[in-house]
Amino acid sequence: MTKYRLTAEQQFKIAEWGTRRAQRYWAQFDHQFEFTDEHHHDWKRLKGNFFEFTAVQMDAIAAEIVVHQYLGMEYDYSIDNTLKRGADVGANIEVKHTRWKDGQLIVKPRDRASDIAILVTGSCPVYEIAGWIPISIAKTDRYKSDRFNSWWVGQIHLRPIDTFRRSIYGEHKNSVPNM
């Protein structure tokens with residue numbers, strides 16, 4: 001695993017942008033939409049705790065920043081590719097986050113099969129990149145879960161992050177910068 005410690009400046013920016021993202025999701029958080037297995041998110045578990053919900057958004061942004069740093073890319077705080085309109089990193093990288101050190105990478109039906117998923121574990125200020133997997137491979141019967149119409153990939157089944165650049169996925173010119 002590759003470990004990262006966020007700077008104070010990064011933490012301040014993440015707090016600002018995580019709060020903005022959470023505010024944009026207020027209608028969802030406030031149960032003003034229909035819950036489905038595909039869109040369960042963390043709302044039910046959070047039981048109306050908006051501060052905790054905001055922290056989840058902050059961790060998600062922090063995980064994206066960690067992957068950007070690892071790949072030598074700048075994170076643009078002014079662009080927030082939420083709601084699956086675009087990849088979290090580059091043209092085809094989805095960043096998945098869990099606070100659990102041994103947590104699993106969870107893929108949902110709305111995740112694009114053509115993308116790559118990278119799992120980041122931890123919480124502020126320390127995060128670790130656990131590994132990666134093509135979403136098309138994650139969305140196979142082997143990883144299918146009965147929970148929330150999703151696929152759960154254990155870390156033992158992820159490829160080490162240091163193999164990403166050497167892979168055919170890391171060579172894709174829109175995925176990562178030339179280094």
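**Exercise 1. Determine how strands S4 and S5 pair, and which residue of S5 stands opposite alanine 117.**

Solution. Strand S4 covers residues 116–123 and strand S5 covers residues 126–134. Strands here are DSSP runs of E with at least two residues, helices are runs of H or I with at least four residues, and both are numbered from the N terminus. Two strands count as paired if DSSP finds at least two bridges between them. S4 and S5 are joined by eight bridges and run in the antiparallel sense. Within this pair, alanine 117 faces isoleucine 133 of S5.

The loop between S4 and S5 holds proline 125. A cis peptide bond links cysteine 124 to proline 125, with omega at about 10°.

The model is predicted: local features require pLDDT of at least 70, side-chain atom pairs count only at pLDDT 80 or more, and totals for chains, interfaces and linings use all residues. Numbering starts from 1 along each chain as its sequence is written, and side-chain values use heavy atoms, with hydrogens and water left out.

**Exercise 2. Place S4 and S5 in their sheet and identify which strands stand at its edges.**

Solution. The sheet is open, has four strands in the order S1-S5-S4-S2, and shows mixed pairing. Strand S1 (2–5) and strand S2 (93–98) each have a single partner strand, so one side of each lacks a neighbour in the sheet. On average, neighbouring strands of this sheet are turned by 30° against each other, direction ignored.

**Exercise 3. Describe the sheet that contains S3, S6 and S7, bridge by bridge.**

Solution. First, the order: this open sheet of three strands runs S3-S7-S6 with antiparallel pairing. Its edge strands are S3 and strand S6 (144–145), each of which pairs on one side only.

Second, the pair of S3 and strand S7 (residues 150–153): three bridges join these strands in the antiparallel sense. Leucine 105 has valine 153 of S7 as its bridge partner, and isoleucine 106 stands opposite tryptophan 152.

Third, the pair of S6 and S7: two bridges join these antiparallel strands, and serine 145 stands opposite serine 150. The hairpin of S6 and S7 has four residues between the strands, and phenylalanine 148 in this hairpin takes a positive phi near 55°.

**Exercise 4. Characterise the surroundings of glutamine 104 and decide whether glutamine 104 is buried, partly exposed or exposed.**

Solution. Glutamine 104 is located in the loop between S2 and strand S3 (105–107). Its relative accessibility is 34%, so glutamine 104 counts as partly exposed. The classes are buried (under 20% relative accessible area), exposed (over 50%) and partly exposed (in between), with a 1.4 Å probe and protein chains only.

Leaving aside residues up to four places away in sequence, glutamine 104 touches Thr98, Leu119, Trp152, Val153 and Gly154, where contact means heavy atoms within 4.5 Å. Histidine 157 is 53 residues away along the chain, and its C-alpha atom is separated from that of glutamine 104 by 9.7 Å.

**Exercise 5. Analyse the packing of helices H1 and H4.**

Solution. Two packed helices are described by the angle between their axes and the distance between the axes. Helix H1 (residues 8–24) and helix H4 (residues 50–70) have axes that come within 8 Å and cross at roughly 125°. The axes are lines fitted to C-alpha atoms, for helices over the stretch in contact, and angles run from 0 to 180 degrees between N-to-C directions. H1 is therefore oblique to H4. Angles under 35 degrees count as roughly parallel, over 145 as roughly antiparallel, 65 to 115 as roughly perpendicular and the rest as oblique.

Among the residues that make the contact are Ile14, Trp17 and Thr19 of H1 and Phe53, Gln57 and Ile61 of H4. Glutamine 57 and threonine 19 lie 38 residues apart in sequence, with 7.4 Å from C-alpha to C-alpha. At 7% relative accessibility, glutamine 57 counts as buried.

**Exercise 6. Summarise the overall architecture in terms of helices, strands and burial.**

Solution. The protein contains five helices and seven strands. Along the sequence their pattern is β-α-α-α-α-β-β-β-β-α-β-β. Of the 179 residues, 45% are buried. Among contacts between residues at least 6 apart in sequence, 62% join residues at least 24 apart.
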